[in-house]
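Dear colleague,

I am passing on the structure below, and after it you will find my notes on what turned up when I went through it. Please read them with the coordinates open beside you.

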Amino acid sequence: MTVKLKLKDVKDKLKEDALDLSLCDLEEVPVREIASLRKATNVNLSTNLLISLPATFVILKQIVKLDLSRNMLVELPDNFGEMTQLKHLDLYANKISRLPLSLSELKNLRWLDLKENPLTEAVASVAGPCSNMRECQACARNIVTYLSNVKLVIKEEKLRRLNNVTGDADKEMPSTKKENKKKKRKKDVEREKMNGNKTNSPTQSEGCLQDNSDSVRLTGSSNNASTHKSYKSTSTGLCRSFTCVIVWFFVISSLLTIAIVMLSWRYEQQTDTFLQNAQTLSGLPLKNYHRQTTDYLQRIIKSATEQIKSIIDVANDFYRKQFESGTSKEEKEL
């Protein structure tokens, strides 16, 4: 049997700003009666038989604390976020599996309990256990932030799809214009053909048609070739620019590294003091990094020196052999 409370019954349950309608076996919320009590900012509707809230529930904007625990609510109204004064919301032990995106508008929400609800895994992980006051406060913050991000992602996806649809429409417009031009050109050719039949022989009209079709074909092929050429040149220019940026970055980085290491050799004591302070502040093993870099650079310099020396030796041997062979030839000639 459905229990409906009259305005007098509701007023009797109001004490200062607290309206206690718990344990009343309510299947519907007396929205109109509660709305007439502007003082009722703390409303308790717990332990009833509520399955859903009416869309008009959001007219109760004066509510600051709302207890809907231990009901059978499946979901909240999509416009629930219009209750902007709400600070405390208890939804413990219901059957809520999804939350409306409008819940992200509850910027004043400071306490939220979602325990014992069949939430999705993602929402449940965001909500947390809600086993004490601190966790319920964190739940309120996290859920509002999470739903705000979801709302933003959905908005961006809609905008992207709209841009795709607009882009497709823009692509279709040029093709339609081309078709119209082709039709117009065809009509012009047919008109010229008819005029040619009146003034010239059939063979002359056929020759005119052939010339027109050849000119159209040549124009189309030249346009395609120029478009392909411009696209190819643009791609080549981008690749060259990107390669130049990478090469210059590598060269500049190498020069800076070499300069820093060489300065550290010259001012060894100052560098050691600087690295010690930086290592203390950052907590990173900067001295080890500096030592490894220095050793690596020394190995490179040593290897480069050996390579240059070997190249010089080979060059000296080559020039010496050339000189000796040239000298021997001159002696033989003499």
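K61 has a relative accessibility of 38%, and because buried is reserved for values under 20% and exposed for values over 50%, K61 counts as partly exposed. Please keep in mind that this is a predicted model. The partner of K61 in a salt bridge is E82, with 3.8 Å between the closest N and O atoms. K61 sits in the loop between β3 (42-44) and β4 (65-67), whereas E82 sits in the loop between β4 and β5 (88-90), so the pair ties together parts of the chain that are 21 residues apart in sequence. E82, at 40% relative accessibility, is likewise classed as partly exposed.

The count of salt bridges comes to 8, and two further ones deserve a description here. E75 forms a salt bridge with R98, in which the closest N and O atoms are 3.0 Å apart; since E75 belongs to the loop between β4 and β5 and R98 to the loop between β5 and β6, this pair ties together parts that are 23 residues apart in sequence. D78 also forms a salt bridge with R98, the closest N and O atoms being 3.9 Å apart, and this pair links the loop between β4 and β5, where D78 lies, to the loop between β5 and β6, where R98 lies, across 20 residues. Through shared partners, these salt bridges join E75, D78 and R98 into one network. Within it, E75 is partly exposed at 38% relative accessible area and R98 is partly exposed at 39%, while D78, at 58%, counts as exposed.

Turning to the sheet, 6 strands form an open arrangement in the order β1-β2-β3-β4-β5-β6, with mixed pairing. β1 (14-15) and β6 are the edge strands, and each has a single partner strand, so one side of each is left without a neighbour in the sheet. At the β1 edge, the pairing with β2 (residues 18-20) is antiparallel and runs over 2 bridges, and K15 has A18 in β2 as its bridge partner.

At the other edge, W111 lies in β6 (residues 111-113). Is W111 buried or exposed? Its relative accessibility is 17%, so W111 counts as buried. Leaving aside residues up to four places away in sequence, W111 touches K87, H88, L89, D90, M133, C136, Q137 and A140. For one of these, H88, the C-alpha atom is separated from that of W111 by 4.8 Å, although the two residues are 23 apart along the chain.

With best regards

Note on methods
Residues are numbered from 1 along each chain as its sequence is written. This is a predicted model: local features need pLDDT of at least 70, side-chain atom pairs count only at pLDDT 80 or more; totals for chains, interfaces and linings use all residues. Side-chain values use heavy atoms; hydrogens and water are left out. Helices (H or I, at least four residues) and strands (E, at least two) are DSSP runs, numbered from the N terminus. Buried means under 20% relative accessible area, exposed over 50%, partly exposed in between (1.4 Å probe, protein chains only). Contact means heavy atoms within 4.5 Å. Two strands pair if DSSP finds at least two bridges between them. A salt bridge is a side-chain nitrogen of Lys or Arg within 4 Å of a carboxyl oxygen of Asp or Glu.
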